Amino acid sequence: MIEEQDGKYLGGLTPLPEDIIRDKIKNIDEHRAHETAEMMCVKCYYRYQGVWPEQTLLKNLECPHCKKTGGIIKTGQTIFDT
Ligand SMILES: [Zn+2]
């Protein structure tokens, strides 16, 4: 939409109303596919239930206990096994 005011061209786009911005625009990262599994850090042996974005490589995950990266592996145990 082209707007004019006092004969001046104001631009070709009209900003969206605040309520539409707040209600309609979502964080895309919250909707990306995720994986979950029991994980273990081979550096400190800490085990935990991990949730991470599907496209993230395991070698890039950080241990929540020792904070090191590169040592996280899946244990192969599902969350339903006890
Ligand atoms: Zn660790």
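In this predicted model, Glu 35 has Trp 52 of strand S4 as its bridge partner. Two further pairs belong to the same ladder: His 34 is bridged to Pro 53 in S4, and Thr 36 stands opposite Val 51, also in S4. Together with the other links between these elements, strand S3 (residues 34-41) is joined to S4 by seven bridges, and the two run antiparallel. On its other pairing, S3 meets S5 over three bridges, again in the antiparallel sense. Here Met 39 has Lys 74 in S5 as its bridge partner.

Taken together, these pairings give an open sheet of three strands, ordered S4-S3-S5, with antiparallel pairing. Because S4 and S5 stand at the edges and have a single partner strand each, one side of each is left without a neighbour in the sheet. From one strand to the next, the twist averages 50 degrees. For a reader following the side chains, it helps to recall that in a regular strand they alternate between the two faces of the sheet. As for burial, S4 is hardly covered, with zero buried residues among its seven.

The wider chain sets the context for this sheet. One helix and five strands make up the protein chain's elements, and from the N terminus on they run β-β-α-β-β-β. Burial is scarce in the chain as a whole: 5% of its 82 residues count as buried. Among contacts between residues at least 6 apart in sequence, 32% join residues at least 24 apart. Confidence is worth keeping in view as well. The mean pLDDT of the protein chain is 83, and 80% of its residues reach 70 or more. Of the elements, S5 has the highest mean pLDDT, at 96, whereas strand S1 (residues 4-5) has the lowest, at 60.

Backbone geometry in the loops offers two residues to look at. Most residues other than glycine have a negative phi. Tyr 45, although not a glycine, has a positive phi of about 65 degrees. This residue lies in the loop between S3 and S4, in a hairpin with five residues between the strands. Tyr 45 is exposed because 11 other C-beta atoms lie within 10 Å, and a count of 12 or fewer qualifies as exposed. Lys 67 likewise takes a positive phi, near 70 degrees, while being a residue other than glycine. The loop that holds Lys 67 runs between S4 and S5. Lys 67 counts as exposed, because it has 10 C-beta neighbours inside 10 Å.

The loop between S4 and S5 also contains Cys 63. In contrast to the exposed Lys 67, Cys 63 is buried, because 21 other C-beta atoms lie within 10 Å and the threshold for burial is 20 or more. Leaving aside neighbours within four places in sequence, Cys 63 is in contact with Cys 41, Lys 43, Cys 44, Tyr 46, Lys 68, Gly 71 and Ile 72. For one of these partners, Lys 43, the C-alpha atoms of the pair are separated by 8.9 Å, with the residues 20 apart along the chain.

Gly 71 is another residue of this loop, which connects strand S4 (47-53) with strand S5 (72-74). With 18 other C-beta atoms within 10 Å, Gly 71 is partly exposed. Beyond its neighbours within four places in sequence, Gly 71 is in contact with Cys 41, Val 42, Lys 43 and Cys 63. Cys 41 and Lys 43 thus appear in the contact list of Gly 71 and also in that of Cys 63. Gly 71 and Lys 59 are twelve residues apart in sequence, and their C-alpha atoms lie 6.7 Å apart in space.

Terms used
Residues numbered from 1 in each chain as written. Helix = DSSP H or I, 4+ residues; strand = E, 2+ residues; numbered from the N terminus. Contact = placed C-beta atoms within 7 Å. Pairing = 2+ DSSP bridges. Axes fitted to C-alpha atoms, helices over the stretch in contact; angles between N-to-C directions. pLDDT = per-residue confidence, 0-100.
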